[in-house]
Amino acid sequence: MLCGETKEHTADILIPHDRFATVFSATCVPNSECRHLELCEKFNKRFAVYNNIDTCTNRITCELLGKASGFDGLTAEHIIYAHPVLHVLSSLLFNMMYVYGVVPDAFGVGIAIPLVKKLDGNRTISDNYRCITLSPVISKLFEMTLLKSFSEQLHSDKLQFGFKRNSSCSQAIFSLRTVVERYVNTGSTVAMCTLDISKAFDRVDHYALLELLLDRQLPRNFIAIFLNWFLICHIHVRWGMSLSFSFSIRAGVRQGGILSPVLFAVYMDVLVSRLRSASFGCKILDTYYGCLLYADDIVLLAHTLNGMQQMLNICTEFGIEYDVKFNDIKSLAMRIGPRCSAVCMPLVLAGKCLKFVDSVNYLGVCITAGRQLKCCFESVKLKFFRVFNCIYAKSKASGSEINTVQLLKSYCLPYITYACEALPFTKSDIRRLDNLVNRSLCKIFNVNSRENIGNLRKFLDLPGLDDIILIRRRRFIDKLIGLGHFEPLLRSITISR
């Protein structure tokens, strides 16, 4: 039964695109209608007297135009290989749109494509799907020009690792590991909370976001563009070759838009700023690391439970003020350090007690509670063998072992090398993960001798995991040194050694 949660939804089998449209349209609404109206009124009052008008009539030039893609039959190639006059005409159009603070109605049209969240989950229920929006290619090109023109005013805190150049999951994981190990090595027990926001991207309040743009002193033209854009946004869901009915987007940033991740980071930057100002949470050499964000993945770190509760109170206040709803079921707490097993006071977020657990997943890494920071790689092993068995079953008939090895490198090896430069591997972890590759090669080439496997790996250019980690860590540290703002973490590692 497709997209039907119960037998009563049998009729939905005939029109699954409308079923998805019904679900997604109920998602793209404010969490609180009352708070939404308050934010709307507050913004309109400020915007009515906002006088930061940009008088530049040629802000967007031909040099700012770049690649884009969309659903309307136009692709990046149409822009790249078009006659140069298109760039001139586009820059004239975009400047006119910027001056008058409006966008064409076609810019508000989107096609939502349902994507499965969990491949091993139930694909017959709509909750296991998320949507990504395809926008007109010209609108994405316009977004890129705005981003290039106002990137400095749309910056976010350094503790937000998502949606930035020279930023990665590995850096967020490295920061988490370094902070926790620093405190644990000095005898402290670190409280760690991973917070989940319900429908984070889909329920960003438009007027709260626009008011934050006012706070950043962005030009009135820029804000007027997005005020107009938000009002005309509507979406169809595409399933196969069919389109659903159209529905309006009353909240959220489009997952797939060029500026959407940047605007979401601006929205969450308020929370980071408040936590940093309150100064509760962990610090390294007087530099604040009490909260780490990667998009909507939030982790709080504090060496006292009272400090953690104060941080959770700030999160609760932020949620009320900006209409953000924290998921109390998926938001979890854990302790790492000498007193990890001690009975402690409950931690409360938005009126609900957080559940203390033995492990949490952060950016694809399973971190376990204990006296030291450790990771569990059982899920990595399962994913590795699931993909390898699929590859082996389909490729063994071809009789080409070399091709199978290449597929192993491309699709299986990344599971065991993901963020390896930042993770706290033990010798046992490395040995067990490396053995996954050995067992796979034994199956491909039908050999059992350890000596033969060693020669095979040299011939196939498959170094041991310990060598891969060593090389990647050196490159990773060199990159962090070049970025500069990781100096407190790097110095703390040097001091501890």
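## Exercises on sheet, helix packing and salt bridges

Arg 250 has a relative accessibility of 35% and therefore counts as partly exposed. The model examined here is predicted.

**Exercise 1.** Identify the salt-bridge partner of Arg 250 and state which parts of the chain the pair ties together.

*Solution.* Step 1: the side chain of Arg 250 meets that of Glu 33 in a salt bridge, with an N to O distance of 2.7 Å. Step 2: Glu 33 belongs to helix α2 (residues 33-48), whereas Arg 250 sits in the loop between β6 (247-248) and α9, so the pair links parts that are 217 residues apart in sequence. Step 3: the relative accessibility of Glu 33 is 37%, which lies between the limits of 20% and 50%, so Glu 33 is partly exposed.

**Exercise 2.** How far apart in sequence are Glu 38 and Arg 35, and in which element do they lie?

*Solution.* Step 1: both residues are in helix α2, three residues apart, or about one turn of the helix. Step 2: their side chains form a salt bridge at 2.9 Å, N to O. Step 3: Glu 38, at 39% relative accessibility, is partly exposed.

**Exercise 3.** Characterise the salt bridge between Arg 276 and Asp 157, and classify each partner as buried, partly exposed or exposed.

*Solution.* Step 1: the closest N and O atoms of the two residues are 2.7 Å apart. Step 2: Arg 276 lies in helix α9 and Asp 157 in the loop between α5 (137-150) and α6 (169-185), so this pair ties together parts 119 residues apart in sequence. Step 3: Arg 276 has a relative accessible area of 32% and is partly exposed. Step 4: Asp 157, at 15% relative accessibility, falls under the 20% limit and so counts as buried. Step 5: elsewhere, Lys 42, Arg 46, Glu 211 and Asp 215 are joined into one network by salt bridges that share partners. The structure holds 13 salt bridges.

**Exercise 4.** Establish the strand order of the five-stranded sheet and identify its edge strands.

*Solution.* Step 1: the sheet is open, with the order β9-β10-β3-β11-β14 and mixed pairing. Step 2: β9 (291-294) and β14 (355-356) each pair on one side only and are the edge strands. Step 3: β3 (residues 190-195) and β11 (residues 332-336) run antiparallel and are joined by five bridges. Step 4: Val 190 has Ile 336 of β11 as its bridge partner. Step 5: helix α9 (residues 260-278) packs on this sheet, touching β9 and β10 (297-302), and its direction makes about 165 degrees with that of β9. Step 6: helix α10 (residues 305-321) lies across β3, β10 and β11, at about 145 degrees to β10.

**Exercise 5.** Describe how α9 and α10 cross, and which residues make their contact.

*Solution.* Step 1: two packed helices are described by the angle and the distance between their axes. Step 2: the axes of α9 and α10 come within 10 Å and cross at roughly 145 degrees. Step 3: the crossing of α9 and α10 is right-handed. Step 4: helix α9 contributes Tyr 267, Met 268, Val 270, Leu 271, Arg 274, Leu 275 and Ala 278, and helix α10 contributes Met 311, Ile 314, Cys 315, Phe 318 and Glu 321. Step 5: these contact residues comprise ten nonpolar, no polar and two charged.

**Exercise 6.** Is Ser 260 buried or exposed?

*Solution.* Step 1: Ser 260 is found in helix α9. Step 2: its relative accessibility is 6%, so Ser 260 counts as buried. Step 3: leaving aside residues up to four places away in sequence, Ser 260 touches Glu 143, Val 253 and Arg 254.

Terms used
Residues are numbered from 1 along each chain as its sequence is written. This is a predicted model: local features need pLDDT of at least 70, side-chain atom pairs count only at pLDDT 80 or more; totals for chains, interfaces and linings use all residues. Side-chain values use heavy atoms; hydrogens and water are left out. Two strands pair if DSSP finds at least two bridges between them. Helices (H or I, at least four residues) and strands (E, at least two) are DSSP runs, numbered from the N terminus. Contact means heavy atoms within 4.5 Å. Axes are lines fitted to C-alpha atoms, for helices over the stretch in contact, and angles run from 0 to 180 degrees between N-to-C directions. A crossing is left-handed if the near helix is turned anticlockwise from the far one by less than a right angle, and right-handed if clockwise. Ala, Val, Leu, Ile, Met, Phe, Trp, Tyr, Cys and Pro count as nonpolar, Asp, Glu, Lys and Arg as charged, and the others, Gly among them, as polar. A salt bridge is a side-chain nitrogen of Lys or Arg within 4 Å of a carboxyl oxygen of Asp or Glu. Buried means under 20% relative accessible area, exposed over 50%, partly exposed in between (1.4 Å probe, protein chains only).
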